[in-house]
Amino acid sequence: MKNVRQKKIIEIITMKDIETQEELRDELQSFGFDVTQATVSRDIRALGLKKESVPGKGQRYVSKITSSAVSSDSYKSVLKAGIISIEPAENLIVVKTVAGVAMAVAAALDNLEVEGLIGCIAGDDTIFLAVRSHTYTESVIKAIRRKIDE
């Protein structure tokens, strides 16, 4: 149960800006984990979570755990739930997302390791994908759509 809960914590802080232990406890409880603040505190310590500043918004928990700690199923669910549209623009791809989840979707896209995809820049509801050249644009879009449809 502890491992499942800790994976869910990583998933939550990847998808949302969580500033306090109480917010994290509430999120966990919304997923059916009956936890106390003390349990959340121990999990934060065990996972090595740190707080980073978010310009204009306070702070949030972040993890140094590698992407392999979060299952590919979690990334697929983030892609499915978050992406609204994908549009090519020469050697860029513009991905529109649900408001507030662009960073989580960008992290999931980075995890895909698609040939030709160099990197992502995420805002609140828009992501720009840099593609090695315009010849890769369609294959990158197809790879993303395949992952969403899996």
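Contact here means heavy atoms within 4.5 Å. The model is predicted. On that basis, the buried residues of α3 pack against α1, α2 and β2. Helix α3 spans residues 37-47. Its buried residues are T39, V40, S41, D43, I44 and L47. Just after α3, G48 adopts a positive phi of about 70 degrees.

Helix α2 covers residues 21-30, and its buried residues are Q21, L24, E27 and L28. These four cover an arc of only 120 degrees around the axis, so they lie on the same side of α2. The partners of this buried set are α1 (2-15), α3 (37-47) and β2 (58-62). Helix α3 thus appears among the partners of α2, and α2 among those of α3. Both lists also include α1 and β2. Just after α2, G32 takes a positive phi of about 95 degrees. A positive phi is therefore found just after α2, at G32, and just after α3, at G48.

The protein chain as a whole holds six helices and six strands. Along the sequence they follow the pattern α-α-α-β-β-α-β-β-α-β-β-α. The chain has 150 residues, and a compact globule of that length would have a radius of gyration near 15 Å; the value for the chain is 16 Å, which agrees. Its C-alpha trace spans about 50 × 35 × 25 Å along the principal axes.

Burial and contacts were also computed for the whole chain. Buried residues make up 39% of the 150 residues. Among contacts with a separation of 6 or more, 52% join residues 24 or more positions apart. The protein chain exposes about 8,500 Å². Carbon and sulfur atoms supply 51% of that area.

One nonpolar patch lies on the surface. L92, I121 and F128 make this patch, which has an area of about 280 Å². F128 belongs to strand β6, residues 126-131. Its relative accessibility is 41%, so F128 counts as partly exposed; the partly exposed class runs between the 20% and 50% cut-offs.

L92 also takes part in a second set of contacts, around T137. T137 lies in helix α6, which covers residues 137-149. The relative accessible area of T137 is 3%, so this residue is buried. The cut-off for burial is under 20%. Leaving aside residues up to four places away in sequence, T137 touches P88, E90, N91, L92, I93 and V131. One of these, V131, falls within the residue range of strand β6.

D110 gives another local case. This residue is placed in helix α5, residues 102-112. With a relative accessible area of 45%, D110 is partly exposed. Residues up to four places away in sequence again excluded, D110 touches G119 and C120. G56 is 54 residues from D110 along the chain. The C-alpha atoms of D110 and G56 are separated by 25 Å.

Terms used. Residues are numbered from 1 along each chain as its sequence is written. This is a predicted model: local features need pLDDT of at least 70, side-chain atom pairs count only at pLDDT 80 or more; totals for chains, interfaces and linings use all residues. Side-chain values use heavy atoms; hydrogens and water are left out. Helices (H or I, at least four residues) and strands (E, at least two) are DSSP runs, numbered from the N terminus. Buried means under 20% relative accessible area, exposed over 50%, partly exposed in between (1.4 Å probe, protein chains only). The arc is that of the directions from the helix axis to the C-beta atoms. Patches are made of residues with over 30% relative accessible area and no salt bridge: like charges are joined within 9 Å, nonpolar side chains (Val, Leu, Ile, Met, Phe, Trp, Tyr) within 5 Å. Accessible areas come from the Shrake-Rupley method with a 1.4 Å probe; for residues, only the protein chains shown count as cover. A salt bridge is a side-chain nitrogen of Lys or Arg within 4 Å of a carboxyl oxygen of Asp or Glu. The radius of gyration is taken over C-alpha atoms; the globule rule is 2.2 Å times the number of residues to the power 0.38.
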